[in-house]
Amino acid sequence: MPVIVHLSDIHFGAHRAELAESLLADIASTSPDLIVISGDLTQRARRRQFEQARAFIDRMAAPVLTVVGNHDLPLINLPRRFLSETRRYQRHITQDLDPVIALPGLVAVGLDTMPSWRWKAGHVSPRQVSIVQNAFRGAPLEAWRLLVTHHPVLPAHLAGLVGRDQLVSACAEAGVAVLLSGHTHTPSAGVVDLHAPGVHRRALALVTGTAISTRTRGAANAYEVIQMEGSMSEGGRITVEIREPTSTGWSERRKSHFRYTSSGVMAEPEPG
Ligand SMILES: [Fe+2]
């Protein structure tokens, strides 16, 4: 029963420092098997901000999968942005820009959707589509398949993403069950259609809010706890809990339930 914590858009440098400690404690209380951070670890890609992000990650007692967000590339220093745009991210966070993590019962692939020549919209290359295909091709048949990107892959209206159709097609063929993203700072959880020639599957698209930044855009700070029950086969279940800060810590704001079927992920009807 893998438990996955999903954070995004932490924006160190524009963060609520008082929430960082309580968030770490709340994450620890969920005993996660994997922690996903779907980009924008920093506000302006400054060295101090990456040091804060590194220290934050070092206090997590589970494997951490991160991807680059648009704020993790230098915005103002143009020579740095174009010559070594991910240098600081790679020095402080991880060398691997398109990480693959395999754990018992799940395989997660992260993609860097933030090339230096784009300011805000995302991009996925044919090489990265191959990474997705290869990672899931070799995975056990009933392992949960997760894809992590900063820019939401679907629903398409949430973010520009060049190469989206090829990526969606690869996800359909690979049977990806969950898409995890950030970028919008507004949490959402819903079933989306994945199409490839001769293939139609459904996946759960999760966008999580901004964990502790001041850039809440009208929504509360939030993160997600995703619990998988059973394997990625008929009868498998996914519960998504959105947690928000309160005056004394963090608590459940909303919970939604999904089940796995032969055509992919379906929403469970609300109880009552
Ligand atoms: Fe962000």
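**Strand S5 and its partners**

User: Which residue in S7 is the bridge partner of Val109?

Analyst: In S7, Val109 has Leu147 as its bridge partner. The model is a predicted one, in which local features need pLDDT of at least 70 and side-chain atom pairs count only at pLDDT 80 or more, while totals for chains, interfaces and linings use all residues. Residue numbers start from 1 along each chain as its sequence is written.

User: What makes S5 and S7 a pair?

Analyst: Two strands pair if DSSP finds at least two bridges between them. S5 and S7 (residues 144-149) have six bridges in the parallel sense, so the criterion of at least two is met. Strands themselves are DSSP runs of E with at least two residues, and helices are runs of H or I with at least four, numbered from the N terminus.

User: How do you know that S4 pairs with S5?

Analyst: Four bridges join S4 (residues 100-103) to S5, and the two run antiparallel; Ile101, for example, is bridged to Ala108 of S5. The two strands form a hairpin with two residues between them, and Gly105 in the turn has a positive phi of about 85°.

User: Why is S5 called mostly covered?

Analyst: A residue is buried if 20 or more other C-beta atoms, placed from the backbone, lie within 10 Å of its own; it is exposed if 12 or fewer do, and partly exposed in between. In S5 (residues 106-111), six of its six residues are buried. Leu106, Ala108 and Gly110 point one way, and Val107, Val109 and Leu111 the other way. In a regular strand, side chains alternate between the two faces of the sheet.
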